[in-house]
Each structure stands twice: as C-alpha cells, then as structure tokens.
Amino acid sequence: MGQAWTHATAMLGANRELVIIIAGLFLFLPQFALAVFLPEAVNPPPPAGDPSDFQAIMDASMSAMTEQYSKYGWLFIGITLFQTLGTLALLTLLTDTSRPTVGEAIKLGARGLLPYIGAAIIMALGAAIVIGVPVGLLSALGGPAVALAVLIAIPLVIYVAIKFSLYTAVIAIEREYNPINALKRSWQLTKGNSFRLLLFLFLLFLAFGVVSLVLTLVTGTIFAALGGTIEQIGNGFIAALVSAVLGAVFLAVFAAVHAQLSGDQAGRNVQDVFE
C-alpha cells in the first residue's frame, strides 16, 4: 500500500502544474459553476413528509430525484462526459513518458471517450443481468427475501466494481480502445489482488473522507456566519475544490496500481503492491 501511495504522490509532484490545469478545468470548474449558477441542481430541497413514515420519505425522494433528472438530466450527462474526458486526459498525462502537453493529453483522452462509454454500458448491462435479475426475483418474494437480496447484492456489486476498477486506466494508459478487452484486462490485472485493492481504496476513502468532512464543517461554519451569496459561493468553492483534489489523487492512485499490477515497474513483486 505504501508503494502505491508513494508512486501516486510522485506522479502528482512531477506533473504538478499540468495536473492543476486539467483538474481545475475538468473537475473543479464544472462543479463550481453548478454550485454558483444552478445551486438547485446540486442541492435540491429535502422531500416533504412525515419523518417517521419511511416509505413516504422514500417515495418522495424518488419522485424528487426523477423530477431533478428530468429537468437537469442533459446538464448532468454533459458534465459527466466533460469530466470523463478530463479523467482520461489526466491519466494520460500522469503516465505517458513522452511528456505530452495539456492539449495532447486531452486529444488522447478524447480517443478513449467512446470506448469508456462502451465499457461502462457493457458493465452496467452485465451487472443488471447477472446481479439485478436474481436480486429482483428475490425481492419480489417480499418478507425475509428482501433482506437476503440486499445481503447478496451488496458484496456482489462491490466485487464487480473492484474487478473492473482499472478499466479506465487500461483505456487511457494502454490505449486499449476495445471496451470488452479493456474490461477483460482490468479483470486480469486485479486477479488475486481484489481484496488488497478493496482494502487499500477503502482506507484511502476513509482517510480523505474524514479530512473532507472536517474541512467542509469548518469552512461551512465560517461561510454560514457571513451568509447570503458569500455562503453559497464559498461552500460551492470548497466542495468543488475538495472534489477536484480527491479526483486527481485517486486517479494517480489508480495509475500507480495499474503500473505495479501490470509489471510496468521493474523489480516490483505484484504481491508487494499494497505492502
């Protein structure tokens, strides 16, 4: 684990200026713009209803979510595609030994955009068939079967997510533009290391989650005291900044894990990746 983290921070440090440009443009700016100009799109009002009526709250939440996506779905899709382009460009920038410029990294990232979408669709359809159908049949039985369905679904979803967690890195770093091959390659790379990778990512997520929570609580208190537009802009700025930093760090981590599991770092034992 220490080796992967060291490699990730080294990549970020070696490409600091270019990482800031791409992460700022593709990860920070869209979220900050949403928070400032369309706050209702990212912070919808809480559903109305009796807090003690769980089913009513769930129904109201689903209704609000459906309305939110029907109204802003096109915007969410556009931002997702834009940030995916930035993700692929950033992975390229961090790992390409030819030291591409920002423009070259974006062009290479654009080549992987359609394969990325294709792989995501294949993965989602496969999970829906293999996991969703059996779980849905169990849920339809009602009673204890619903709890059983949840207990089965959660570990399966986590397992599939870990097995396919490197397909983005495969597309951006290995230039594998066949979405099926990219998914197969991710499955192959994570073979025998799935639990280590899950634990590594969980610990990182937990650590950064605590730091983010403390930061947002402190800054949120300060901005709340100022109130009005300053509070809205300030909270949006911090949320977008935290998201962009975490995004860049986790992309570097995935690039480091990919490098080590694929044997790109000479002399490293795959079993020592997360030590």
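Okay, let's start with Arg175, which is partly exposed, with a relative accessible area of 28%. Keep in mind that this is a predicted model. Arg175 sits in the loop between helix 8 and helix 9. What caught my eye is the backbone: Arg175 is not a glycine, yet its phi is positive, about 60°. And in the chain, Arg175 comes right after helix 8.

So what does the side chain of Arg175 meet? It meets the side chain of Asp96 in a salt bridge, 2.8 Å from N to O. Asp96 is in the loop between helix 4, residues 54-95, and helix 5, residues 102-111, so this pair ties together parts that are 79 residues apart in sequence. The two partners sit in different classes of exposure: Arg175 is partly exposed at 28%, while Asp96, with a relative accessible area of 17%, falls under the 20% cut-off and is buried.

How many salt bridges does the whole structure have? The search finds 2. The other pair I'd like to show you is Arg185 with Glu174, where the closest N and O atoms are 3.0 Å apart. Arg185 belongs to helix 9 and Glu174 to helix 8, so here the parts being tied together are 11 residues apart in sequence. Both of these count as partly exposed: Arg185 has 23% relative accessibility, and Glu174 has 31%.

Now, helix 8 itself. It covers residues 167-174. Is helix 8 mostly buried or exposed? Well, 7 of its 8 residues are buried, so the rest of the structure largely encloses it. If you want to click on them, the buried ones are Tyr167, Thr168, Ala169, Val170, Ile171, Ala172 and Ile173.

Part of the surroundings is helix 11, residues 228-261, whose axis comes within 10 Å of the helix 8 axis, and the two cross at roughly 75°. That angle makes helix 8 roughly perpendicular to helix 11. On the helix 8 side, the contact uses Ala169, Val170, Ile173 and Glu174, and on the helix 11 side Phe254, Ala255 and His258. Sort those residues by class and you get 5 nonpolar, 1 polar and 1 charged. Glu174 should sound familiar, since it appears in this contact and also in the salt bridge with Arg185.

Let me move to another helix pair. Helix 2, residues 16-37, and helix 5 also have axes that come within 10 Å, and here the crossing angle is roughly 50°. These two are therefore oblique to each other. As for handedness, helix 2 passes helix 5 in a right-handed crossing. Which residues make the contact? Helix 2 brings Leu18, Ile21, Ile22 and Phe26, and helix 5 brings Val102, Ala105 and Ile106. By class, that contact has 7 nonpolar residues, with no polar and no charged ones. Back at helix 8 and helix 11, the count included 1 polar and 1 charged residue.

One last stop, in the loop between helix 4 and helix 5, where we find Arg99. That loop also holds Asp96, the partner of Arg175. Arg99 is another residue that is not a glycine but has a positive phi, about 55°. Is Arg99 buried or exposed? At 53% relative accessibility, Arg99 counts as exposed, whereas Arg175, with its positive phi of about 60°, is partly exposed at 28%.

That's my tour, so over to you for questions.

Definitions and conventions. Residues numbered from 1 in each chain as written. Predicted model: local features only at pLDDT ≥ 70, side-chain atom pairs only at ≥ 80, totals over all residues. Heavy atoms only, no water. Axes fitted to C-alpha atoms, helices over the stretch in contact; angles between N-to-C directions. Helix = DSSP H or I, 4+ residues; strand = E, 2+ residues; numbered from the N terminus. Parallel < 35°, antiparallel > 145°, perpendicular 65-115°, else oblique. Contact = heavy atoms within 4.5 Å. Nonpolar A, V, L, I, M, F, W, Y, C, P; charged D, E, K, R; others polar. Buried < 20%, exposed > 50% of the residue type's maximum accessible area, 1.4 Å probe, protein only. Salt bridge = Lys/Arg side-chain N within 4 Å of Asp/Glu carboxyl O. Left-handed = near helix turned anticlockwise from the far one by under 90°.
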